[in-house]
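Here is a short tour of one protein model. Take a look at the structure first.

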Amino acid sequence: MKLEGKNVIFLWACNSPYPGRIIPLFEKLSAQLKAGGVKSVSWIFPTQSAHRGWIDDIKKVDRVFFTNGDYSKVAGQLVQIFSEVAPDIIHTNFEAYDIPAVKALRCIGSKCKVVFHGHDWVRLKRTGPLALLKQIRFRLLMWRHYHWYGKNAYVVGVSPEVASIIGQCKCAGLLPIRQYDNETYKKLHYPGVMYRINGLVMDMFDDVTPMPLGEKNLTLPTFTAYATQPEGKGADVILCAADLLWKKGVKFKLILTYIRREWFDAFLRDRLGLTSMPEWLELKQAENNIAPLLERTSCFICASRGETMSLAIAEATYFLTPVIQSDIPGMYWNSKNPSAFLFKDGDYEDLANKMEQFIQADKKELEEKCKVSKHNNEELLSPRSWCEDMTQLYERILGKSK
């Protein structure tokens, strides 16, 4: 095994109150690497996340380091960590650590291999005042990031869209970045860039039995959406659709999760003209354990304006829940599942129609479709398969001449 005796570092530009599903995925990767002979796995986080309880579990099995200050000034601290650990593979997650990591390696003259993991949605279009100048600045920043600093890095994109956009920036320099349709994304290949959808780790729900629609015993059809980033997650579209549907006389319940509630109160007042909480709406603080919430859910809504790969959709299908999703490239991977309803991105009237379509659907037939979707996604999002692909990527790039 080419990884035997090697040292691996994961860098995480992450300060989340809970680990979500991606951190556990890398914990599985860490365990597999060490079982296969890797000497050590270390993790690096920003100091803001040092107090997070979920990091304590990582500390029990791997070394954990923290960098102080903002990301643009951490290269010097990374030099010290890299000199101590002597990594053979560095795998960055979310883009903030990408450039500092490469700068640190250049500073110490290390031949360590670097993997950038592109989880983040890339917004190509710039609007408003000085849109052209913003677009030029964006292209220069992308060129600096992926062509200058990332030219020798290997890139994993979690969607065909992400892999294609980063690939263009990495391999084509300052040329215009093209927005392709989803089928074309899958056919594009750039040196050092691979598309690999994230695996889905649901171990924490091993003792939970997903409930089919008919067993949930809900008094009203209940829609749920995660709206922790209200505008990016399309909370405005969902609220307008719900308001329209309710005014048509259709009865239902809508549950929206949040981190900060102020946005929702302002939107209800200023956009919908509601001075009190409407009877169809329930706002709920976001939590890591989504099982109780999805057990109260008839249909999950993902109205995101931009996503790379929505794990929330995968969670919903795992819990045998139909999904209404915006028709955007980052979520096409689920669009052909039989329990998925697609609506035109940003169109609240179309979303309201799909919500009504779900309410009127034959629930027994929909239950069977949900079982098919669950099976499809368990195959597609297998954590074991994902870990094997990452391990093979590491072996492949270490096998190349230095």
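The report below covers a sheet, two helices and a surface patch.

The model is predicted. Keep that in mind throughout.

**The sheet**

Start with the open sheet of 6 strands. Its order is 10-9-8-11-12-13, and the pairing is parallel. Strand 10 (281-285) and strand 13 (340-343) form the edges, each pairing on one side only. On average, neighbouring strands of this sheet are turned by 25° against each other, direction ignored. Strands of a sheet pair through backbone hydrogen bonds, either parallel or antiparallel.

**Strand 11 and its partners**

Now look at strand 11. It runs parallel to strand 12 (residues 323-326), and 3 bridges join the two. With strand 8, strand 11 pairs over 2 bridges, again in the parallel sense. The table lists residues that stand opposite each other.

| Residue | Residue opposite | Bridges between the two strands |
|---|---|---|
| Phe 223 | Cys 299 in strand 11 | 2 bridges, strand 8 and strand 11 |
| Phe 300 | Val 323 in strand 12 | 3 bridges, strand 11 and strand 12 |
| Cys 302 | Gln 325 in strand 12 | 3 bridges, strand 11 and strand 12 |

Which residues of strand 11 are buried on one side and on the other? Cys 299 and Ile 301 are buried on one side. Phe 300 and Cys 302 are buried on the other. Both faces of strand 11 are thus covered.

Helix 12 (residues 348-360) lies across this part of the sheet. Strand 8 (222-226), strand 11, strand 12 and strand 13 are the strands it crosses. Helix 12 runs at about 155° to strand 13.

**Helix 3**

Move to helix 3 (residues 75-85). Ala 75, Leu 78, Val 79, Ile 81, Phe 82 and Val 85 are buried there. What do the buried residues of helix 3 pack against? Their partners are strand 1 (7-12), strand 2 (40-46), strand 3 (63-67), strand 4 (89-93) and helix 4 (98-108). Ala 86 follows helix 3, and its phi is positive, near 55°.

**A nonpolar patch**

Finish at the surface. Leu 130, Leu 132, Leu 133, Ile 136 and Leu 140 make a nonpolar patch of about 530 Å². Leu 130 sits in the loop between strand 5 (113-118) and helix 5 (131-149). Is Leu 130 buried or exposed? Leu 130 counts as exposed because its relative accessibility is 59%, and exposed means over 50%.

Methods. Residues are numbered from 1 along each chain as its sequence is written. This is a predicted model: local features need pLDDT of at least 70, side-chain atom pairs count only at pLDDT 80 or more; totals for chains, interfaces and linings use all residues. Side-chain values use heavy atoms; hydrogens and water are left out. Patches are made of residues with over 30% relative accessible area and no salt bridge: like charges are joined within 9 Å, nonpolar side chains (Val, Leu, Ile, Met, Phe, Trp, Tyr) within 5 Å. Accessible areas come from the Shrake-Rupley method with a 1.4 Å probe; for residues, only the protein chains shown count as cover. A salt bridge is a side-chain nitrogen of Lys or Arg within 4 Å of a carboxyl oxygen of Asp or Glu. Helices (H or I, at least four residues) and strands (E, at least two) are DSSP runs, numbered from the N terminus. Buried means under 20% relative accessible area, exposed over 50%, partly exposed in between (1.4 Å probe, protein chains only). Two strands pair if DSSP finds at least two bridges between them. Axes are lines fitted to C-alpha atoms, for helices over the stretch in contact, and angles run from 0 to 180 degrees between N-to-C directions. Contact means heavy atoms within 4.5 Å.
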